[in-house]
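Student: I would like to go through the charged side chains of this model and how they pair. Can we start with the overall surface?

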Amino acid sequence: LKIRELKRQLEELKTANAQVSYGGEIAIVSMACRFPRTANTPEAFWQSLIDQTDEVGTVPDDRWDLDAFFDDDPQTPGKMYASKGVFLEDIDKMDPEFFGISPREATWIDPQQRLLMEVGYEAIERAGWTAEKIGESTGVFVGWMHNDYQNEASDSFLNLNPYIATGAAGSFLCGRLAYYLGLQGPSIAIDTACSSSLVALHLACQSLQRRDCDQALVGGVNAICSPTTNILTCKLKALSPSGHSRAFDAAADGYLRGEGCGVVTLKRLEEARADGDSVLGIIRGTAVGHNGFSSGLTAPNPKAQEKVIRAALERAQVSADEVSYLEAHGTGTELGDPIEMQAAAAALSGSRSRENPLLIGSVKTNIGHLEAAAGMAGLIKVLLSMQHGQIPGQMNFETPNPHIAWDKIPVKVLTGATDWPQAEKRIAGVSAFGMSGTNAHVVVEAPRSAESVSRKALAAGAPTPNSDLHSDIEQLQAEPAASAMPLSCVIPISGRSPEAVQTLAESYERFLRDNPNTRVTDLAYTAAIGRKHFEHRAAVVVDDRNNAIAGLKKVARGAADQTSFQGHHRRQPKTGWQFTGQGSQWIGMGKALYQCQPVFRAALDACDTQLMALRDESLLEVMFEREEALNDTRWTQPAIFAIQMGLVRLLGSWGLNPDVVMGHSVGQYAAACTAGILSWEDGLMLISHRGRLIGDLPRAGAMLAVFAKPETVRDAIKDLPLSIAALNGTHVVVSGKTDAIEAAETAFETQSARTKRLTTSHAFHSALMDDVLEPFAKIADSVSFQTPQLPLICNVSGKLMPADTKLNGQYWADHIRAAVQYSPSINAAEEFGCELLLEVGPQTVLTRMAAADWTQD
């Protein structure tokens with residue numbers, strides 16, 4: 001019994017281990033930041049690092065009255081000796097209504113929440129994740145530390161109100177962002193002092209590895225709103241009286257407080273690859289630990305710091321020698337710097353020599369100590385360095401700290417921009433050590449091969465190169481025969497207000513000018529699928545770079561023309577899809593889409609395979625290369641159907657679906673399939689037999705378009721063996737034997753009615769079709785028809801088909817013979833409430849006819 005119990009426990013343990021995965025690399029998909037002073041994007045932040053811009057300034061007047069709280073003597077009660085810091089500009093600015101926050105409530109919301117909302121949303125956009133598609137299983141992990149705003153806002157009982165409770169509490173940093181985005185994954189605010197944001201990253205990685213969530217937003221934020229925290233850190237003598245952060249320098253005398261926000265988005269690496277996400281970096285391993293008992297509560301412990309670095313390396317399965325660069329904590333304190341260097345050298349020296357040293361730097365010398373956001377600032381600096389293959393130098397390193405044994409440790413502090421060392425892999429470590437004793441370390445690797453290129457990535461308001469899509473279109477443009485139409489694309493622009501639309505258009509236009517290698521197709525693609533579309537909208541139709549810049553300029557000025565449109569979307573309009581009939585075919589139709597759209601290609605390949613089994617010939621070969629065969633009814637009808645099947649599936653993959661469908665003649669087969677009345681496979685089988693049977697008929701007829709009223713046409717042909725084939729609104733089509741059509745032409749000429757002979761192989765929808773009706777009805781009866789799952793307007797009756805209708809073979813036989821009631825069908829679409837009609841087919845044959853019949857404004 002004991003053995004059985006042990007076996008049972010072992011099986012339970014195996015099951016638990018199978019269900020929970022504690023490993024796997026994590027992809028950093030995007031990053032966004034707001035760093036001092038105006039480094040509001042990663043691109044601007046990188047430039048400030050390379051230029052070594054001095055961001056130090058005195059306390060802004062809008063924070064507090066410095067004179068009232070300043071004293072050189074650190075012992076003076078209630079005073080601070082530090083007058084400088086690194087501050088954000090316009091920290092009070094926010095567009096609260098964008099996030100559904102009233103202006104009144106916004107005044108009581110901590111600037112840390114405001115910053116995190118804005119930067120977090122930008123990180124999602126840069127990942128190409130729209131709020132609607134990000135998925136509920138997304139976690140939010142935020143490092144924070146100070147609660148200055150609540151202290152200031154609630155300094156009087158008169159100020160206490162419900163908004164303060166949610167506006168300043170630390171838990172609402174992540175809670176408000178998760179609420180706005182509709183996320184139901186873990187939502188955790190972490191305060192471990194200066195290591196907070198890297199600890200948040202560590203917990204996010206664990207959550208992803210354990211599959212508690214599928215994506216994660218990880219950030220750190222810090223805002224300096226109250227003199228209280230400055231006074232307290234001065235009493236600890238932690239701040240630099242000279243107003244400079246001098247990591248590892250002999251003159252190091254404390255750190256400089258800074259503020260800012262950084263956010264990255266994370267995903268399991270294998271899933272990021274599968275989903276086509278960009279990969280900015282790969283988190284190989286993370287570790288968190290505490291100093292334990294040491295010389296003081298806030299004193300660093302070299303053994304504990306070394307231990308956490310070694311633990312991260314072990315989890316990353318990375319040797320010390322593989323780490324090229326360490327983004328150090330580097331606060332610039334007399335005690336902390338030597339201890340950190342000792343720990344880093346012990347953990348990362350490996351087999352290095354003075355000729356091959358570990359490169360070290362600290363971003364705190366550039367932008368100050370962002371405290372809870374410090375680790376995130378260091379991580380983003382590393383990611384940017386990996387992207388550019390260059391490591392920026394830190395500032396204020398002139399005389400090496402004499403308390404560091406420089407001659408015994410193989411390290412080098414970078415003071416100028418340096419190329420990333422040649423190595424098989426670009427690997428870096430990032431450290432963050434909290435004043436409370438909590439230490440964190442992260443091992444990051446640069447993306448491998450082409451992982452950093454993605455069709456969904458968004459950078460500075462525009463996408464990174466989508467090489468696959470662009471190369472396909474470039475190839476098509478180099479092959480004029482591939483398409484009879486110019487290849488254009490649409491750049492969609494939207495915002496919460498008209499001003500926001502103009503600002504975004506200006507941003508896109510500036511990005512295209514400043515980045516001449518950016519492909520317009522990439523911009524259009526990512527603007528369409530990588531951003532949420534808001535109420536106020538604009539669109540620019542472009543076919544080259546110059547047109548794009550010109551069109552975006554017009555939108556930025558609030559102008560519009562034939563290629564630049566602006567409007568306001570209040571609700572989803574009812575949309576009808578109309579499927580084009582025979583006569584819309586042309587050689588090479590669909591080839592451009594076939595070459596660059598996998599969903600469309602898969603649909604056509606499926607049709608080709610099915611018809612190959614029936615006819616032992618390639619449909620694709622006919623469509624793209626054999627014009628004479630394509631114009632043979634045997635091939636025309638299945639070819640048009642295949643195009644329509646591909647378009648429906650492609651549009652569906654983009655989230656576009658109709659409210660009602662209708663077809664013109666053979667177009668009703670694709671409409672019926674879209675409505676769920678029969679499967680696409682059965683639809684192709686039927687249309688193939690239809691084309692074959694009609695194609696075998698003698699070519700003894702003709703068709704004539706008559707531009708006159710239906711009553712006039714019926715009266716003119718009443719004594720001729722002709723049939724009304726279609727009521728198209730702008731004209732009536734008659735069909736029958738050729739000699740009768742010639743007689744009709746003469747009759748209409750005497751009445752001054754304009755006519756046009758149609759180019760057709762047969763006299764469709766006439767008595768000349770009668771011989772195929774019975775055999776086709778038998779074939780159609782072999783198909784299992786269902787009731788419509790989507791409203792279908794029948795082109796035989798011109799009316800909406802009842803929901804309980806179940807078609808049969810006789811219906812489809814009658815469909816061959818009966819007149820196409822197109823004009824009545826348009827009226828039925830209007831009665832249904834359609835506001836938009838989309839033509840689905842090889843070219844626009846029906847659109848003008850529909851517009852002529854359409855009575856709405």
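**Surface and charge pairing**

Tutor: In this predicted model, the protein chain exposes about 36400 Å². Carbon and sulfur atoms supply 50% of that area.

Student: What percentage of the residues in the protein chain is buried?

Tutor: The protein chain has 857 residues. A residue counts as buried when its relative accessible area is under 20%. The buried share is 56%.

Student: How far apart do the centres of the positive and negative side chains lie?

Tutor: The two sets hold 76 positive and 101 negative side chains. Their centres lie apart by 3 Å.

Student: How many salt bridges does a search of the whole structure find?

Tutor: Side chains of opposite charge can pair when their charged atoms come close. The cut-off for a salt bridge is a nitrogen-to-oxygen distance within 4 Å. With the whole structure searched, the number of salt bridges is 32.

Student: Which residue in helix α11 pairs with Arg211?

Tutor: Arg211 sits in the loop between α9 (196–209) and β6 (215–222). Its salt-bridge partner is 59 residues away in the chain, and the N to O distance is 3.8 Å. Arg211 is partly exposed at 45% relative accessible area, and the partner is partly exposed at 41%. That partner is Glu270.

Student: Which other residues are linked with Arg211 and Glu270 in a network of salt bridges?

Tutor: The Arg211 and Glu270 side chains meet in a salt bridge. The network that holds this pair also includes Asp214, Arg268 and Glu271.

Student: Are Lys381 and Glu327 buried or exposed?

Tutor: The side chains of these two residues meet in a salt bridge with an N to O distance of 3.0 Å. Lys381 lies in helix α15 (residues 374–388) and Glu327 in strand β9 (residues 325–327), so the bridge ties together parts 54 residues apart in sequence. Lys381 has a relative accessible area of 1%, and Glu327 also has 1%. With the cut-off at under 20%, both Lys381 and Glu327 are buried.

Student: Which residue of the Glu445 and Arg448 salt bridge is partly exposed?

Tutor: The side chains of Glu445 and Arg448 meet at 3.0 Å, N to O. Glu445 is buried because its relative accessible area is 2%, under the 20% limit. The other residue has a relative accessible area of 26%, so the partly exposed one is Arg448.

Note on methods: Residues are numbered from 1 along each chain as its sequence is written. This is a predicted model: local features need pLDDT of at least 70, side-chain atom pairs count only at pLDDT 80 or more; totals for chains, interfaces and linings use all residues. Side-chain values use heavy atoms; hydrogens and water are left out. Helices (H or I, at least four residues) and strands (E, at least two) are DSSP runs, numbered from the N terminus. Buried means under 20% relative accessible area, exposed over 50%, partly exposed in between (1.4 Å probe, protein chains only). Accessible areas come from the Shrake-Rupley method with a 1.4 Å probe; for residues, only the protein chains shown count as cover. Lys and Arg count as positive and Asp and Glu as negative; His and the chain ends are not counted. The place of a charge is taken as NZ of Lys, CZ of Arg, CG of Asp or CD of Glu.
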